Amino acid sequence: MPCASEAAYHAWVADPQRFRHVLQAVSVQHPELFPAAFSGGFRLHDTYQSVKQGLRLRRIKLTQTGQVFLVRPSLVVPYLGAKTAEIEKALYLRQWGVPFEALVYVFGRDPMWYYRAWVSLGRNSLVGTTVKSVEHLPADLLADEKHTWLSGERQYVATTVGSGCFLGAEVVAEASTAALHAGYQGFLTEARAVRPDYQPETVCTDGWHATREAWQLLVPTITLILCFLHSILKIKARCRGALRQRLRQRAWHVYQAPNKGHFAQRIRRLREWATSHLEGAVQGTVLKLCELKDQFSVAYDFPAAARTTNGIDRLMDYQDRVLYGMRYLHGTRQSARWAVRAMALQWNFHPYSMRAQSDGAKHSPFEALNGFQYHANWLHNLLSAASMGGRRL
């Protein structure tokens, strides 16, 4: 339950009628936070005092199913390990990869206390916690693998992004088709828990064949869009000075074609120019871009689809900073999985800068996707969103 203050919560829980009224009011505004059978009625089941946090907690029993649910306020983290106010500022600094030892120096406690609180965020469903309405499930995705290490062994994080949010992050041991298929399947499973008939229309990837094959196997109807930016970067790597600048301008001129017909025409002109004016490796790289015309031009059939992987590269830069700050992953594969998912959820709910908010932007990626927030504080917002749809794994 989103809760503004501890005083307000104490007032609710002390009065059974008021508590019932608050639950009913929140269920009307945010039905996704409640079990489906809640609308069939409920009764107050029992109440008890938390030994850990000293809060009085109530449980409710659903009339239709007989299920009993604990109503936990966003004032405390799951399993009542801490009050949100005690830990929110320390976890906020994890967005920049601040080491757990540094958090201890500033806030006290011990490193493992902060580590457990942070990594436990990754036990929530990424899609269920982030996407609160089926119509907000993105039809157009971006996918790539983040190279990292687990206890010194190279690993890959199969990352799925849509609408500016992380929707999938799974640690796999290799970048093969089979391993990436299993990694990206995690996103699809969570998405179909939100909407059983979910079928993404497009996914923009780089040229790695295993990534493309994995998505084709997962969603046979999906349209694969090749990232145009990667071809430009390959051209940049093979020339210098004025020639590099000239080739960049010509390549981006092709990219900026307003429709598929103009794109094909500009590709032909680029091929003719490269054939007559370039030679060697530079010419070969430009001609390779031209040969990929069909894989680039298919994006014109989906105006909302990404044509470059820039939308996922920005988020993977954040992944890279946090992973480097913690010297990559340690411990078991399960704890590594929770860690990369905790990073993902923290990004989805992190507050934008004050300057961005003053310019009229939304307050967080979560709000930009869903159009609302449960609470003004990012951690309260995350804990509220992670209740029913974000059920823990």
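Two strands are taken to pair if DSSP finds at least two bridges between them. By that criterion, strand 7 and strand 8 (residues 223–226) pair in the parallel sense over four bridges. Helices (H or I, at least four residues) and strands (E, at least two) are DSSP runs, numbered from the N terminus.

The structure is a predicted model, in which local features need pLDDT of at least 70 and side-chain atom pairs count only at pLDDT 80 or more, while totals for chains, interfaces and linings use all residues. Residues are numbered from 1 along each chain as its sequence is written, and side-chain values use heavy atoms, with hydrogens and water left out.

## Overall description

The protein contains 18 helices and eight strands. Its C-alpha atoms fill a box of roughly 85 × 45 × 45 Å along the principal axes. Of its 393 residues, 50% count as buried; buried means under 20% relative accessible area, exposed over 50%, and partly exposed in between (1.4 Å probe, protein chains only). A contact means heavy atoms within 4.5 Å. Among contacts with a separation of 6 or more, 60% come from residues 24 or more positions apart.

## The antiparallel sheet and its helices

Strands of a sheet pair through backbone hydrogen bonds, either parallel or antiparallel. Three strands form an open sheet in the order 1-2-3, with antiparallel pairing. Strand 1 (42–49) and strand 3 (68–71) are the edge strands, each pairing on one side only. From one strand to the next, the twist averages 30°. Strand 2 (residues 56–62) is joined to strand 3 by four bridges, and Ile 60 stands opposite Phe 69 in strand 3.

Helix 1 (residues 6–14) packs on this sheet, touching strand 2 and strand 3, and its direction makes about 50° with that of strand 2. Helix 2 (residues 16–29) lies across strand 1, strand 2 and strand 3, running at about 120° to strand 1. For these angles, axes are lines fitted to C-alpha atoms, for helices over the stretch in contact, and values run from 0 to 180 degrees between N-to-C directions.

## Strands 4, 7 and 8

Strand 4 (residues 140–150) and strand 7 run parallel and are joined by three bridges; the bridge partner of Asp 140 is Thr 202 in strand 7. On the pairing with strand 8, Val 203 stands opposite Leu 224. In a regular strand the side chains alternate between the two faces of the sheet. In strand 7 (residues 202–205), Thr 202 and Cys 204 point one way and Val 203 and Thr 205 the other way, and all are buried.

Thr 148 is found in strand 4 and counts as buried, at 0% relative accessibility. Leaving aside residues up to four places away in sequence, Thr 148 touches Glu 153, Arg 154, Gln 155, Val 157, Leu 323, Tyr 328 and Leu 329.

## Helix packing

Helix 3 (residues 84–93) has Thr 84, Ile 87, Glu 88, Ala 90 and Leu 91 buried. These buried residues pack against helix 4 (100–107), helix 5 (111–119), helix 15 (333–349) and helix 18 (378–385).

Two packed helices are described by the angle between their axes and the distance between the axes. The axes of helix 14 and helix 15 come within 11 Å and cross at roughly 125°. The two helices are therefore oblique to each other; angles under 35 degrees count as roughly parallel, over 145 as roughly antiparallel, 65 to 115 as roughly perpendicular and the rest as oblique. Helix 14 passes helix 15 in a right-handed crossing, the term used if the near helix is turned clockwise from the far one by less than a right angle.

At the contact, Leu 315, Tyr 318, Gln 319, Val 322 and Leu 323 of helix 14 meet Met 343, Gln 346 and Trp 347 of helix 15. These residues divide into six nonpolar, two polar and no charged. In this grouping Ala, Val, Leu, Ile, Met, Phe, Trp, Tyr, Cys and Pro count as nonpolar, Asp, Glu, Lys and Arg as charged, and the others, Gly among them, as polar.

## Positive phi values

Two loop residues other than glycine are set out below with their phi values.

| Residue | Phi | Loop | Relative accessible area |
|---|---|---|---|
| Leu 80 | near 55° | between strand 3 and helix 3 | 12%, buried |
| Arg 327 | near 55° | between helix 14 (310–325) and helix 15 | 48%, partly exposed |
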